[in-house]
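Trainee: Got a minute to go through this model with me? I'd like to work from the sheet outwards.

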Amino acid sequence: MKLTHISKTYHNKHNDVLALDDINLTFNNHGMTFIVGASGCGKTTLLNIMAGNDTAFEGSLEIDGKVECIHQDTILMENLSVYDNLKLVSDNEKQIDELLTRFRLPHKHQKVKKLSGGEKQRIQVIRSLLTKVQYLICDEPTASLDNKNRQVVLELIKEAKDAGSAVIGIFHDVEAREIVMDRYI
């Protein structure tokens, strides 16, 4: 993945806000890369551009493979069951059941709208990991999870990297970033 002269300006009622200014980056199609910076510096904006969620930017983006993003906010079909949300990306029932078990989510037929925020986040992580991609973009994938589930997410992200996906992630939680970096890089 290659980003060349990427600039992004947000326009609001009072002024223009330059979020990204002439960014040039190249990411390998394997391994792990962590984007670190202060809140509001443009990390999520950059990931949204890389994931194809934001196309209103200057510069060019070259992607040599499929991209999946684990967002900060959950993006699930609320009226579908947990299982039906996962079936949208994979027909591998055995793998779906294994991942639900690892995340302690036994109610695969429950509607997503009845789940807690943390449970929805885990379902979104599972859904993203079921999608076989070249680039897995992670925007605070452990933000709303307890310590045990945070560890599961980090282990699964490592497994995605080991299976050949390039993982590009943001962590505001210094402890989580250090755990990932110490254990996986």
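What follows is a short back-and-forth on this predicted model.

Trainee: Let's start with the sheet: in what order do its 4 strands run?

Mentor: It's an open sheet, and the pairing is parallel. Strand 3 (32–35) and strand 5 (67–70) are the edge strands, each pairing on one side only. From one strand to the next the twist averages 15°. Reading across, the order is 3-7-6-5.

Trainee: Over how many bridges do strand 3 and strand 7 pair?

Mentor: Strand 7 covers residues 166–170, and its pairing with strand 3 is in the parallel sense. You can pick out partners: M32 stands opposite V167, and I35 has I170 as its bridge partner. The count for this pair of strands is 4 bridges.

Trainee: And which residue in strand 7 is the bridge partner of L136?

Mentor: Now you're looking at the pairing of strand 6 (residues 135–139) with strand 7, parallel again and over 5 bridges. For L136, the partner in strand 7 is V167.

Trainee: What is the handedness of the β-α-β crossover from strand 6 to strand 7?

Mentor: Follow the chain out of strand 6: it passes through helix 5 (residues 147–162) and then enters strand 7. That crossover is right-handed.

Trainee: Why is strand 7 described as largely enclosed by the rest of the structure?

Mentor: Check the two faces: A166, I168 and I170 lie on one side, V167 and G169 on the other, and all are buried. Buried here means under 20% relative accessible area. Strand 7 is largely enclosed because the number of its residues that are buried is 5 of the 5.

Trainee: Back to helix 5: how far does it reach from its first C-alpha to its last?

Mentor: Helix 5 has 16 residues, and at 1.5 Å a residue you'd expect 22 Å. The model comes out close to that, at 23 Å.

Trainee: Which side-chain oxygen reaches the backbone nitrogen of K148 at the start of helix 5?

Mentor: Look at the start of the helix, where the two atoms are within 3.3 Å of each other. At the other end, helix 5 is followed by G164, with a positive phi near 115°. The oxygen at the start belongs to the side chain of D146.

Trainee: Moving off the sheet, is G118 buried or exposed?

Mentor: G118 sits in helix 4 (residues 117–130). Leaving aside neighbours within four places in sequence, G118 is in contact with S144 and L145. Its relative accessibility is 16%, and the cut-off for burial is under 20%. So G118 counts as buried.

Trainee: What about T26, buried or exposed?

Mentor: T26 is found in strand 2 (residues 16–26). Not counting residues up to four places away in sequence, T26 touches M1 and K2. Its relative accessible area is 60%, and anything over 50% is called exposed. So T26 is exposed.

Trainee: Last one: what distance separates the C-alpha atoms of T26 and E62?

Mentor: Along the chain, T26 and E62 are 36 residues apart. In space, their C-alpha atoms are separated by 9.4 Å.

Terms used:
Residues are numbered from 1 along each chain as its sequence is written. This is a predicted model: local features need pLDDT of at least 70, side-chain atom pairs count only at pLDDT 80 or more; totals for chains, interfaces and linings use all residues. Side-chain values use heavy atoms; hydrogens and water are left out. Two strands pair if DSSP finds at least two bridges between them. Axes are lines fitted to C-alpha atoms, for helices over the stretch in contact, and angles run from 0 to 180 degrees between N-to-C directions. Buried means under 20% relative accessible area, exposed over 50%, partly exposed in between (1.4 Å probe, protein chains only). A crossover is right-handed if, with the strands pointing away from the viewer, the path from the first strand over the helix to the second runs clockwise. The expected span of a helix is 1.5 Å times one less than its number of residues. A polar contact is a pair of N or O atoms within 3.5 Å; within protein, one must be able to donate a hydrogen and the other to accept it, and residues adjacent in sequence count only if both atoms are side-chain atoms. Contact means heavy atoms within 4.5 Å.
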